[in-house]
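Me: I should like to go through this structure by question and answer, with the reasoning set out before each result.

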Amino acid sequence: MSRAFIKEDDGERGNAVADIQHREGKVEWLQIQQKKLDTLKNDPKSKKISPEKLERWIKETEADIEKTKKELGY
């Protein structure tokens, strides 16, 4: 087998690993955002945040969750 084929195979394997790591990162990010949303909505400490800011943060977090779900194909 020539070195060209070996390098190509290694490159493809590297791309596959990178894709998997990227997806795992997205899944982890989604879990963090879902926990954040739950905290914003249910933690008594969130009541100390101004209502306008809290509402904005909730909307931004919900939008990010939806975007991430679409990227993951959920």
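Me: Which residues are exposed on the other side of α2?
Reply: This is a predicted model, and exposed here means a relative accessible area over 50%. On the side of α2 away from its buried residues, that description applies to Glu52, Lys59 and Lys70.

Me: Within what arc do the buried residues of α2 fall, seen down its axis?
Reply: The buried residues of this helix are Leu54, Ile58, Thr61, Asp64, Ile65, Thr68 and Leu72. They line one face of α2, because the arc that holds them, viewed down the axis, is 130 degrees. In general, an α-helix has 3.6 residues a turn, so residues three or four places apart point the same way.

Me: How far does α2 reach from its first C-alpha to its last?
Reply: The helix has 22 residues, and at 1.5 Å a residue a reach of 32 Å is expected. The value computed from the model is close to this, at 31 Å.

Me: Is Thr68 buried or exposed?
Reply: Thr68 belongs to helix α2, which covers residues 51–72. The cut-off for burial is under 20% relative accessible area. Thr68 has a value of 2%, and is therefore buried.

Me: The backbone oxygen of which residue lies 2.8 Å from a polar atom of the Thr68 side chain?
Reply: Leaving aside neighbours within four places in sequence, Thr68 is in contact with Lys26, Trp29 and Leu30. The backbone oxygen at 2.8 Å from a polar atom of the Thr68 side chain is that of Asp64.

Me: Which helix supplies the largest share of the largest nonpolar core?
Reply: This core has 7 residues, namely Leu30, Leu37, Leu40, Leu54, Ile58, Ile65 and Leu72. Both α1 (3–42) and α2 supply at least two of its residues. The largest share, 4 residues, comes from α2.

Me: With which residues is Leu72 in contact, leaving aside its neighbours within four places in sequence?
Reply: Leu72 is one of the residues of the largest nonpolar core. With neighbours within four places set aside, its contacts are Arg23, Lys26, Val27 and Leu30.

Me: Which residue just after α2 takes a positive phi?
Reply: Helix α2 consists of residues 51–72. Just after this helix, a positive phi of about 80 degrees is taken by Gly73.

Me: Among contacts between residues at least 6 apart in sequence, what percentage join residues at least 24 apart?
Reply: The chain has 2 helices and 0 strands, and 16% of its 74 residues count as buried. Of the contacts between residues at least 6 apart, the share joining residues at least 24 apart is 66%.

Key:
Residues are numbered from 1 along each chain as its sequence is written. This is a predicted model: local features need pLDDT of at least 70, side-chain atom pairs count only at pLDDT 80 or more; totals for chains, interfaces and linings use all residues. Side-chain values use heavy atoms; hydrogens and water are left out. Buried means under 20% relative accessible area, exposed over 50%, partly exposed in between (1.4 Å probe, protein chains only). A polar contact is a pair of N or O atoms within 3.5 Å; within protein, one must be able to donate a hydrogen and the other to accept it, and residues adjacent in sequence count only if both atoms are side-chain atoms. Contact means heavy atoms within 4.5 Å. A nonpolar core is a set of buried Ala, Val, Leu, Ile, Met, Phe, Trp, Tyr and Cys residues joined through side-chain atoms within 4.5 Å. The expected span of a helix is 1.5 Å times one less than its number of residues. The arc is that of the directions from the helix axis to the C-beta atoms.
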